[in-house]
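Biologist: Before I use this model, I would like to know what the labels on it rest on. Please show it and take my questions in turn.

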Amino acid sequence: MNITFYKYQGTGNDFVMIDNRNLQFPKENTKLVAFLCDRRLGVGADGLILLENDPKSDFKMVYYNSDGNESTMCGNGGRCLVAFAQFLNVIKEKTSFVAIDGLHNATMKGDVVSLQMIDVTEIKEKPQALFLNTGSPHHVQMVENLSEFKVKKEGEKLRYGLYGETGSNINFVEAIKDNKFAVRTYERGVEDETLSCGTGVTAVAIAMHKTGKVKEKHVFIDVLGGKLEVAFNYENGIYRDVFLIGEAKQVFKGNISC
């Protein structure tokens with residue numbers, strides 16, 4: 001099989017993108033997905049995303065973690081898929097598409113994609129942390145000296161020890177100033193730290209507002225791969241109109257025989 005793919009990145013979170021509107025990609029072949037995401041044997045990526053037709057929206061997003069398994073929503077992946085859809089002339093500047101967690105609206109101006117995330121209605125307290133779902137499950141924990149923090153070691157402990165085999169993504173956070181924070185994330189499915197996590201950054205912004213560490217409804221986040229923003233409204237205990245904002249860029253196009 002010869003596969004044409006595109007590589008995209010959003011603040012360092014990188015993805016193999018495949019136009020699967022003809023449904024030729026073998027979606028149940030988890031070994032193939034894992035191979036394509038392998039950084040030594042394949043293309044290399046944090047995940048693989050298929051763009052497919054959808055009868056009720058502009059397109060459908062099918063997301064796989066780098067371990068080959070289909071997974072929950074990926075915010076940076078969603079932003080990159082919007083950029084990919086525009087490149088393919090599927091959309092122009094505005095779009096609505098369906099993902100595993102429902103319908104998403106998005107706009108694109110230049111390289112910047114603003115992606116609407118799901119509403120957040122429930123936030124649970126954990127020991128020294130908060131837990132919430134922003135399309136994927138996230139643990140949010142404040143730490144000191146984040147630049148030296150052992151994210152993989154401590155994230156792995158929490159991912160399995162506190163949340164079991166199903167697991168959660170683990171975010172470690174340090175305040176920079178007023179409504180700006182630094183975040184490092186251990187991602188389940190990747191089973192390592194990534195340069196950025198869109199649903200994680202979204203979870204952090206909401207958690208910081210929930211705990212009173214930020215008053216404004218527009219939060220700026222520094223990740224290892226760059227800068228992201230999260231804007232939202234808060235009404236009657238529900239976080240609505242949540243938008244993840246940042247750049248998404250095509251890195252290269254290629255063909256690979258499998």
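Biologist: Which residue in strand 11 is the bridge partner of H138?

Modeller: The partner of H138 is N169. Bear in mind that this is a predicted model.

Biologist: What makes strand 10 and strand 11 a pair?

Modeller: Pairing requires at least two bridges. Strand 10 (residues 137-142) and strand 11 (residues 169-177) have five bridges, in the parallel sense, so they count as paired.

Biologist: Through which helix does the chain cross from strand 10 to strand 11, and why is the crossover called right-handed?

Modeller: The chain passes through helix 3 (residues 151-161), a β-α-β crossover that is right-handed. The term applies because, with the strands pointing away from the viewer, the path from the first strand over the helix to the second runs clockwise.

Biologist: How do you know that strand 11 also pairs with strand 12?

Modeller: Seven bridges join strand 11 to strand 12 (residues 180-187), against a cut-off of at least two, so this is a pair as well. The two strands run antiparallel; I170, for one, has Y186 as its bridge partner in strand 12. They form a hairpin with two residues between them.

Biologist: Why is N89 called exposed?

Modeller: Its relative accessible area is 68%, and exposed means over 50%, so N89 qualifies. N89 lies in the loop between helix 2 and strand 5, and its phi is positive, near 65°, though N89 is not a glycine.

Biologist: And what makes Q128 exposed?

Modeller: Q128 has 71% relative accessibility, set against the cut-off of over 50%. Q128 sits in the loop between strand 8 and strand 9, with a positive phi of about 60°.

Note on methods. Residues numbered from 1 in each chain as written. Predicted model: local features only at pLDDT ≥ 70, side-chain atom pairs only at ≥ 80, totals over all residues. Heavy atoms only, no water. Helix = DSSP H or I, 4+ residues; strand = E, 2+ residues; numbered from the N terminus. Buried < 20%, exposed > 50% of the residue type's maximum accessible area, 1.4 Å probe, protein only.
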